[in-house]
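Please find below my comments on this model, set out as numbered points. They are meant to be read with the structure open alongside.

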Amino acid sequence: MIFNNSNHLNMSKELTDRSRQSVQQARQVLILNLLVYTGISAAEIFIGQRAHSTALLADGQNNVTGIISVTALIVGLTFSIRPSDAYHLEGHWQFENLAVFLSGLIMFLVGVACAWDGGTKVVALITNHYTGQVQGAAAVMAAISAGTMLTLSLVNRTLSGRTKSASLAASARDFLNDALTSTGTMLAIIVASVWHIYWIDPLAAIILGGFIIYNGSRILSDSAAKLSNGFSPAIRQAITATIESANEVQAVTFVDGRYSGSNIIVAAEIVLAAQTTVPEAYRICQHVQLLLQIQFPILYCCIQVKPASPQHTLHP
Ligand SMILES: [Zn+2]
């Protein structure tokens, strides 16, 4: 038996090329994100120290975790476009979902840290140990940060829709979190410095922590579903309908899908007339794969043929 390793899986070359291209685009956007995160967080930590604002310092630290999260995504994407090797026959696309999962986990932990910070400050306030001497000037830096983060969130979201990149979608949510954190920081600094209401600051931290935990959990759950081979029943049904639309296919007995990165791999069993020859059956399978690839981002299909039994009626 001839085992041709290079084309063993009969993968869609067009989709592979297209995916590689959109990953490269996503990576360029992420590198821009990284530069912005570095600039903003450095400025916030510098000004936070000069203006004695713990809130701005905390916001700067929150943006430092953004640097870690974006670095994880860039490393993940760099791995994901590596070509197939003997160990990863279908390519390394899953590294993208793995990186998204990690960035979701980082976001979740940042949320917990934020809420914990707020909680301990509330305790410090109750026991009269809180010494907040915030300068209003720190609010300007927080406002600059909020504006930048909101702009980048919109840019990432638009591009994630165009490239279908899970990394950019995660990154957009990350930036939205940061925009809200900076806005909260700004409001807390203003209220604390103008009206001297110091409990506003930790309360904002607790609320924002809860929001960051919620968003991190959504990213975690999306990527965990893909990493654990979960597949939407609605898409499975649409794939079944497409296979059934091929004339020679009498019935579809089994369909399952799973993700490799943002691409789909389909396993199916179809019923063909018992007298179908092997070359004919092969041609039908190729035709079915082509039909599917027109509608869905299918990397490749594994189709098993079952001969119709004599009792089997046409199109049950
Ligand atoms: Zn490998």
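1. In this predicted model, the largest nonpolar core holds 50 residues, and among these L56, L73, A99, A138, A142 and I189 are the ones that touch the most other members. The core draws on α1, α2 (54-80), α3 (94-126), α4 (138-163), α5 and α6 (200-227), each of which supplies at least two residues. The greatest contribution comes from α5, which gives twelve residues to this core. As general background, nonpolar side chains in soluble globular proteins tend to be buried together.

2. A142 deserves a separate look, being one of the core residues that touch the most other members. When its neighbours within four places in sequence are left aside, A142 is in contact with L56, D59, S182, T185, M186 and I189, so that list includes polar and charged residues as well as nonpolar ones.

3. A second core, separate from the one above, comprises 19 residues, and I243, V255, A268 and L292 are included in it.

4. The packing of α2 against α5 can be followed residue by residue. Their axes lie 10 Å apart and the helices pack at an angle of about 175°; because an angle over 145 degrees counts as roughly antiparallel, α2 and α5 are described in that way. On the α2 side the contact is formed by A55, L56, D59, N62, N63, G66, S69, V70, L73 and L77, which meet S167, A170, S171, D174, D178, T181, S182, T185, A188 and I189 of α5. By residue class, this contact divides into eight nonpolar, nine polar and three charged residues.

5. The contact of α5 with α1 should be read beside the previous point. The axes of α1 (residues 13-50) and α5 (residues 166-194) come within 9 Å and cross at roughly 25°, and since angles under 35 degrees count as roughly parallel, these two helices are roughly parallel to each other. Their crossing is left-handed. The residues involved are A26, V29, L30 and N33 from α1, together with S167, L168 and S171 from α5, and they divide into four nonpolar, three polar and no charged.

6. Finally, is A251 buried or exposed? This residue, placed in strand β1 (residues 251-260), has 17 other C-beta atoms within 10 Å and is therefore partly exposed, given that 20 or more would be needed for a residue to count as buried and 12 or fewer for it to count as exposed. A251 and K306 are separated by 55 residues in sequence, while their C-alpha atoms are 9.4 Å apart in space.

Notes:
Residues numbered from 1 in each chain as written. Predicted model: local features only at pLDDT ≥ 70, side-chain atom pairs only at ≥ 80, totals over all residues. Axes fitted to C-alpha atoms, helices over the stretch in contact; angles between N-to-C directions. Helix = DSSP H or I, 4+ residues; strand = E, 2+ residues; numbered from the N terminus. Parallel < 35°, antiparallel > 145°, perpendicular 65-115°, else oblique. Left-handed = near helix turned anticlockwise from the far one by under 90°. Contact = placed C-beta atoms within 7 Å. Core = buried A, V, L, I, M, F, W, Y, C linked by C-beta atoms within 7 Å.
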